[in-house]
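Here is a short tour for the bench, arranged by topic. Have the sequence and the 3D view open, and hop to whichever part you need.

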Amino acid sequence: AFSFGQSFTNINAGLTGLHWSDVAWGDYDNDGDLDALVAGYTAGNNPATKLYKNEGSDNFSEVSGLPIPGTYIGDFAWGDFDGDGDIDILIQGYTSNSQITKLYKNTGEDTFIETAFVFPALADGSVSFVDFNNDGYLDLFLAGYDGNSYLTKIFKNANNIGFVEIEPSLPGAIKSAYEWADYDNDGDMDCFVTGLDNSGALISKLFQNNGDETFTETTNIFTGAWLGDVAWGDYNSDGFPDILLTGFENPGRIAEVYKNNGDGTFTFVETPELPGVSHSSSIWGDFDNDGDLDIFIGGTYEGSGTWPRVTDVFLNNGDDTFSALGLDFPYDSYWGESAWGDYDADGDLDLICSGHDDAGGSNTIIYRNDGNTTNNPPSVPAGLTATFENNTVSLNWDQSTDNETSQPGLTYNLYIRNEDGNIIWNSMANENGHRLLPALGNACQNTAWQIGNLDEEIYYWSVQAIDNNFEGSGFASEQSFGTSLSSGFDLQNEACIEEIVQITYTGTGTSNGEYFWDFGVAVINSGSGIGPYEVYWETEGTKQVSLYVIENGETSGITENNIGIFQFPDDAGDIVGYTEVCQGYTGIEYSIPQISNATSYNWDLPEGIEIINGSGTNIISVDFSENAQTGDFIVSAINYCGIGEPSSLSVYVNPLPEIPETPIGPDTVASNITPVTEYTSNGSPSATSYFWDIMPENAGTISGSSSIGIVEWSVSYTGTALIRLLGINDCGQSDYSGFFETYVDISTHISDNPNKKQITKVYPNPTNGLVEINIEGFENTNQIIVYNSMGKEITSISKIAQTNSLDLSAYGTGLYFIQVITENEEKIFKVTVR
């Protein structure tokens with residue numbers, strides 16, 4: 001091993017070198033030591049995602065069969081989303097051919113499997129596991145670029161079995177960092193955001209958790225930056241987390257510390273000793289075990305025509321200043337990531353760093369901290385109390401102490417489980433207190449926390465203290481809270497005004513208990529005590545029924561259920577929309593005013609008209625097919641009580657023109673005797689005009705907008721000519737009619753062998769389907785096109801040889817026309833397939 005600076009040693013772990021990367025420590029196999037997950041771009045420009053198992057004695061081995069694709073310019077996070085006691089992986093980023101956001105479940109024995117949950121595919125952003133709504137379950141936070149815009153999403157954990165997508169009021173950004181902490185110690189997780197937002201602005205903003213699944217931007221001002229990093233840490237041990245912010249400010253680079261004043265505001269701390277960096281990783285950690293948080297920075301900073309690097313540790317002097325240690329790391333690390341963690345469990349923080357070095361190489365290095373100052377774990381918290389009311393528990397405990405980290409600087413980590421052992425709030429720590437992740441505790445620096453939406457049952461909980469070395473104390477003696485007395489009852493979801501509704505108690509109480517029902521404005525028809533009850537309501541709207549029970553000195557939580565009370569739906573208003581349309585129109589909107597007591601709407605439409613959007617609502621979009629019929633649009637409002645009076649609108653559908661009948665006229669023409677010829681068609685009943693067409697074009701010109709077409713023949717053309725027409729009206733045009741075939745010659749005598757002058761031979765004719773087309777001088781031939789008797793092109797040949805083969809058997813028996821197009825002329829040949 002190579003030793004330097006008398007503080008850290010590169011253990012030459014043999015990890016794949018990466019840039020555009022992320023790294024993180026995590027004890028995925030629960031064996032008591034930290035393993036390493038890395039993802040990024042290799043020096044050979046290949047994306048890679050690799051998991052390295054800590055084998056002890058500075059040895060790491062790559063875990064084979066990892067199903068996660070290589071990713072870069074993304075992010076990942078460890079977290080136990082399903083509460084099974086081991087940590088899972090959430091990852092986003094670019095892959096070799098796309099971008100992903102996926103969740104992988106740890107199934108034990110060095111195995112991960114991709115879950116079936118679907119998330120927006122993002123890159124260039126951030127992901128986190130965070131219990132943002134205080135229900136104990138780890139939710140998923142996602143931010144990044146989806147190919148169109150920068151977005152944020154939260155997927156709320158539904159009791160460890162699924163996720164519900166919500167839109168957080170947090171800005172989307174790229175080249176970004178999103179970090180969570182309870183900065184105001186009010187008992188919920190807040191979010192700091194830095195990066196480039198959708199407007200092109202550089203932002204650094206703090207958002208306060210409102211406790212109702214929304215966030216509000218605070219009035220604090222921070223330097224906007226991207227291509228950087230942000231980290232929470234209480235560097236002055238006053239009980240409130242502070243901010244370390246690095247990145248590209250445009251045009252400069254920053255490394256800034258913002259001190260938390262404890263009143264919701266922050267003060268910028270002058271730290272000229274910290275070099276401003278971008279493409280950076282900046283992290284807090286007590287590397288020297290003196291109890292306060294130091295800083296590691298890896299990145300690039302401004303230089304004269306160059307991008308100098310910095311990779312160093314900055315010692316916390318305890319007076320709002322920091323000193324660069326000047327550690328001579330052999331590899332600088334920028335455009336990568338770094339993480340603190342005590343991988344060898346010797347009581348001090350080691351480093352894993354990835355990124356580019358000065359020579360442009362890609363590295364992933366583990367540096368062992370060789371300091372000789374020991375760290376002692378904090379004391380076990382005491383004074384645990386719990387209050388359980390209305391399905392919410394309030395947990396309290398006393399502050400712990402620590403020989404190194406001052407008392408206000410400690411964070412706390414809790415778990416809650418039920419009697420079956422199912423984890424409700426996850427500590428991500430072993431029973432002996434060993435942490436699976438080197439991180440702040442899940443209750444931050446609080447000594448009180450609330451978890452809501454709990455069922456009425458018995459729960460067990462405990463807490464440990466975490467110091468600035470991220471070492472945890474043992475857990476306090478497990479405590480219990482909750483009740484087995486429940487207050488559940490059945491209540492249907494909907495009813496009509498004055499409809500009798502039966503309410504039945506389903507909880508665990510007996511007839512000896514006291515039942516405190518609240519029916520609001522309902523009229524009680526019958527029932528008392530435990531019930532059942534029969535009630536009804538005289539007005540519409542959402543109504544609530546609640547109950548709690550007292551029995552044998554226990555008080556249940558409160559159960560609250562809602563019911564929607566409806567009157568018969570109001571009459572539908574006038575339909576707004578076009579009253580005259582054409583067949584083939586698409587995306588045409590029709591609507592009626594919204595009806596307040598309707599839960600859905602029923603639309604009845606004429607034949608050939610389809611709702612493509614808005615089915616069941618008061619606003620629909622429809623397509624009119626080519627077979628759409630004139631008729632009435634009819635709509636009615638619907639709710640639980642029935643169907644209201646309908647509204648109707650007559651819509652006239654103009655037809656598309658039908659295909660005209662095949663034209664008729666002379667079938668042989670001597671163009672030098674009869675230079676102009678008239679052709680007629682019985683036309684199409686829905687057409688108002690017509691377009692005539694003659695093939696080949698060099699046979700002559702055809703004109704006319706009625707059912708009569710006039711041909712002026714070219715005296716230089718000899719051969720077969722095909723004549724057809726299509727119908728036109730205000731709604732569009734029909735397909736072409738069938739061909740009428742005319743043979744054209746320049747002599748006074750019409751040849752009885754039309755093809756005798758052709759240099760092109762088509763044979764056999766008639767045929768069973770196989771046709772040979774032999775062309776003398778084929779080099780000047782551009783294309784061969786085949787039409788059926790209705791004038792529709794069915795096949796063609798663009799690569800011409802002297803002998804060309806066609807198989808027409810798949811198109812059925814009948815008459816076909818083969819058009820041969822050369823540089824100087826076009827020829828038509830008729831072929832019969834039997």
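In which strand is lysine 175 found? Lysine 175 sits in strand β15, which covers residues 173-181. Please keep in mind that this is a predicted model. The protein chain has an average pLDDT of 92, and 97% of the residues score at least 70.

**Where the confidence drops**

- Residues 1-6 stay under a pLDDT of 50, and the model has 16 contacts beyond four places in sequence for them.
- Residues 748-758 also have a pLDDT below 50, and this stretch has 16 contacts in the model beyond near neighbours in sequence.

**Backbone geometry**

- As general background, most residues other than glycine have a negative phi, and most peptide bonds are trans.
- Lysine 175 has a positive phi of about 45° although it is not a glycine.
- With a relative accessibility of 25%, lysine 175 counts as partly exposed.
- Methionine 428 has a positive phi as well, near 50°, and belongs to the loop between β33 (423-425) and β34 (448-451).
- Methionine 428 is buried, its relative accessible area being 12%.
- Asparagine 250 and proline 251 are joined by a cis peptide bond with omega of about 15°; proline 251 lies in the loop between β20 (242-248) and β21 (253-260).
- Glycine 531 and proline 532 are linked by a cis peptide bond too, with omega near 10°, and proline 532 is placed in the loop between β41 and β42.

**Disulfides and other cysteines**

- The structure has 2 disulfides, and counting bonded cysteines along the chain gives the pattern 1-3, 2-4.
- One disulfide joins cysteine 496 to cysteine 641, with 1.9 Å between the sulfur atoms.
- This link of cysteine 496 and cysteine 641 is left-handed, at -140° about the S-S bond.
- Cysteine 496 belongs to strand β38 (residues 494-496) and cysteine 641 to the loop between β51 (631-639) and β52 (642-643), so the pair ties together parts that are 145 residues apart in sequence.
- Cysteine 496 counts as buried, at 17% relative accessibility.
- A disulfide also joins cysteine 582 and cysteine 731, whose sulfur atoms are 1.8 Å apart.
- The link of cysteine 582 and cysteine 731 is left-handed, with -75° about the S-S bond.
- Cysteine 582 lies in strand β46 (residues 580-582) and cysteine 731 in the loop between β59 (719-729) and β60 (732-733); the pair links distant parts of the chain, 149 residues apart.
- Cysteine 582 and cysteine 731 are both buried.
- Why does cysteine 191 have no bond to cysteine 444? The sulfur of cysteine 444 is the closest cysteine sulfur, but at 12 Å from the sulfur of cysteine 191 it is too far for a bond.
- Cysteine 191 counts as buried, at 0% relative accessibility, and cysteine 353 counts as buried at 0%.

**Aromatic rings**

- The structure contains 55 aromatic pairs.
- Phenylalanine 388 and phenylalanine 481 make a tilted pair, 5.7 Å centre to centre with 55° between the planes.
- Phenylalanine 388 is in strand β30 (residues 385-389) and phenylalanine 481 in strand β36 (residues 479-482), so this pair ties together parts that are 93 residues apart in sequence.
- Phenylalanine 388 and phenylalanine 481 are both buried.
- The ring centres of phenylalanine 519 and tyrosine 533 are 4.9 Å apart and the planes are at 50°, so this pair is tilted.
- Phenylalanine 519 is in the loop between β40 (514-518) and β41 (523-526), and tyrosine 533 is in strand β42 (residues 533-536), 14 residues apart.
- Phenylalanine 519 and tyrosine 533 are both buried.
- One aromatic cluster is formed by Tyr183, Phe192, Phe222, Trp232, Tyr258, Phe266 and Phe268.
- Arginine 724 lies over the face of tyrosine 736, 3.8 Å from the ring centre.

**Around serine 647**

- Serine 647 is in strand β53 (residues 647-654) and is buried, with a relative accessible area of 9%.
- A polar atom of the serine 647 side chain lies 2.8 Å from the backbone oxygen of glycine 573.
- Leaving aside neighbours within four places in sequence, the contacts of serine 647 include Ala572, Asp574, Ile575 and Phe633.

Notes: Residues are numbered from 1 along each chain as its sequence is written. This is a predicted model: local features need pLDDT of at least 70, side-chain atom pairs count only at pLDDT 80 or more; totals for chains, interfaces and linings use all residues. Side-chain values use heavy atoms; hydrogens and water are left out. pLDDT is the predictor's confidence in each residue, from 0 to 100. Contact means heavy atoms within 4.5 Å. Rings of Phe, Tyr and Trp (its six-membered ring) pair if their centres lie within 6.5 Å; planes under 30 degrees apart count as stacked, over 60 as edge-to-face and the rest as tilted. Helices (H or I, at least four residues) and strands (E, at least two) are DSSP runs, numbered from the N terminus. Buried means under 20% relative accessible area, exposed over 50%, partly exposed in between (1.4 Å probe, protein chains only). A charge sits over a ring if NZ of Lys or CZ of Arg is within 6 Å of the ring centre and within 35 degrees of the ring normal. A polar contact is a pair of N or O atoms within 3.5 Å; within protein, one must be able to donate a hydrogen and the other to accept it, and residues adjacent in sequence count only if both atoms are side-chain atoms. A disulfide is a pair of cysteine sulfur atoms within 2.5 Å.
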